[in-house]
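Here's a model to go through together, with an eye on why each label fits. Grab the viewer and let's start with the charged side chains.

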Amino acid sequence: MTPVGVVVRGALLLVGAVLAVTLGARHLAPLPDLVLVVVASAALRSGPRAGLATGLVGGWLLDLLPPGSPVLGTQALLYAVCGLLLGLARRPGQVSLVWVVAVVAGAGCGLESVRALIALAQGVPVDGASSLGRVLATATVALVVVPLVTAVERHAEQRRFA
């Protein structure tokens with residue numbers, strides 16, 4: 001990964017995390033997981049190592065931005081594992097959007113399941129319909145955003161070497 005690609009990916013993660021926190025503070029529902037979409041685009045484009053690193057950074061951003069996480073590092077670990085697993089789902093060459101949506105929806109289901117288990121362990125009630133809406137919103141946003149993010153990263157790298 002080139003330094004330009006790292007900067008672009010970092011900026012996209014920051015924008016996704018800030019938008020997630022800002023829109024979450026307004027109690028909009030269902031809110032798509034924009035950080036997961038950026039992690040998915042990085043992992044599906046560059047593989048498991050890039051997915052792990054992008055997920056770790058994105059999770060740290062969510063851990064550190066208010067309201068944060070009750071246990072620092074929880075989100076970072078969750079997103080790092082999601083990025084690793086998404087990177088393992090990488091396919092060489094041209095990939096259909098159906099595959100991208102299915103993989104992101106699967107990662108969103110896994111992420112929401114772990115979040116529900118953590119909430120139940122803490123005695124917090126879990127709303128299954130809200131979690132399902134969040135997964136569907138994330139998969140729908142991924143349908144549009146993943147190809148755009150991939151195109152932006154590809155364009156940034158081509159400009160760097162041109």
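Q: What makes Asp33, Glu112, Arg115 and Arg134 a network?
A: In this predicted model, salt bridges link the four residues. Arg134 pairs with Asp33, Glu112 pairs with Arg134, and Arg115 pairs with Glu112.

Q: Why is the contact between Arg134 and Asp33 called a salt bridge?
A: The cut-off is 4 Å between a side-chain nitrogen of Lys or Arg and a carboxyl oxygen of Asp or Glu. The closest N and O atoms of Arg134 and Asp33 are 3.7 Å apart, so the pair qualifies. Arg134 sits in helix H6 and Asp33 in the loop between H1 and H2, so parts 101 residues apart in sequence are tied together.

Q: How do you know that Asp33 is buried while Arg134 is partly exposed?
A: Buried means under 20% relative accessible area, and partly exposed runs from there up to 50%. Asp33 has 4%, so it is buried. Arg134 has 23%, so it counts as partly exposed.

Q: What about the salt bridges of Glu112, and why do they count?
A: With Arg134 the N to O distance is 2.8 Å, and with Arg115 the closest N and O atoms are 3.1 Å apart. Both values are within 4 Å, so both pairs count. Arg115 and Glu112 share helix H5, three residues apart, about one turn of the helix. At 11% relative accessibility, Glu112 is under the 20% line and therefore buried. Arg115 is buried as well.

Q: How many salt bridges does the model have by this rule?
A: The count is four.

Q: Why is the contact between Arg9 and Ser46 called polar?
A: A polar contact needs N or O atoms within 3.5 Å. The side chains of Arg9 and Ser46 come to 3.3 Å, so they make the cut. Arg9 lies in helix H1 (residues 3–25) and has a relative accessible area of 5%, so it is buried.

Q: How do you know that Cys82 is in no disulfide?
A: The rule asks for two cysteine sulfurs within 2.5 Å, and the count comes to zero disulfides. For Cys82, the nearest cysteine sulfur is that of Cys109, 11 Å away, which is too far for a bond.

Q: Are these two cysteines buried or exposed, and what makes them so?
A: Cys82 is buried because its relative accessible area is 10%, under 20%. Cys109, at 40%, falls between 20% and 50%, so it is partly exposed.

Q: What makes Leu84 eligible for the nonpolar surface patch?
A: Patch residues need over 30% relative accessible area. Leu84 has 35%, so it clears that bar and counts as partly exposed. It is joined in the patch by Leu52, Leu77, Val81, Leu85 and Leu88, with about 550 Å² of accessible area together. H4 supplies the largest share, five residues.

Q: Which residues have the most contacts inside the largest nonpolar core, and which helix gives the most to it?
A: The core has 23 residues, and those with the most contacts are Val35, Leu36, Tyr79, Leu86 and Leu111. H2 gives the most, with eight residues.

Q: Where is the cis peptide bond, and what is its omega?
A: The bond runs from Pro66 to Pro67, with omega near 5 degrees. Pro67 is in the loop between helix H3 (48–64) and H4.

Terms used:
Residues are numbered from 1 along each chain as its sequence is written. This is a predicted model: local features need pLDDT of at least 70, side-chain atom pairs count only at pLDDT 80 or more; totals for chains, interfaces and linings use all residues. Side-chain values use heavy atoms; hydrogens and water are left out. Helices (H or I, at least four residues) and strands (E, at least two) are DSSP runs, numbered from the N terminus. Buried means under 20% relative accessible area, exposed over 50%, partly exposed in between (1.4 Å probe, protein chains only). A polar contact is a pair of N or O atoms within 3.5 Å; within protein, one must be able to donate a hydrogen and the other to accept it, and residues adjacent in sequence count only if both atoms are side-chain atoms. Patches are made of residues with over 30% relative accessible area and no salt bridge: like charges are joined within 9 Å, nonpolar side chains (Val, Leu, Ile, Met, Phe, Trp, Tyr) within 5 Å. Accessible areas come from the Shrake-Rupley method with a 1.4 Å probe; for residues, only the protein chains shown count as cover. A nonpolar core is a set of buried Ala, Val, Leu, Ile, Met, Phe, Trp, Tyr and Cys residues joined through side-chain atoms within 4.5 Å.
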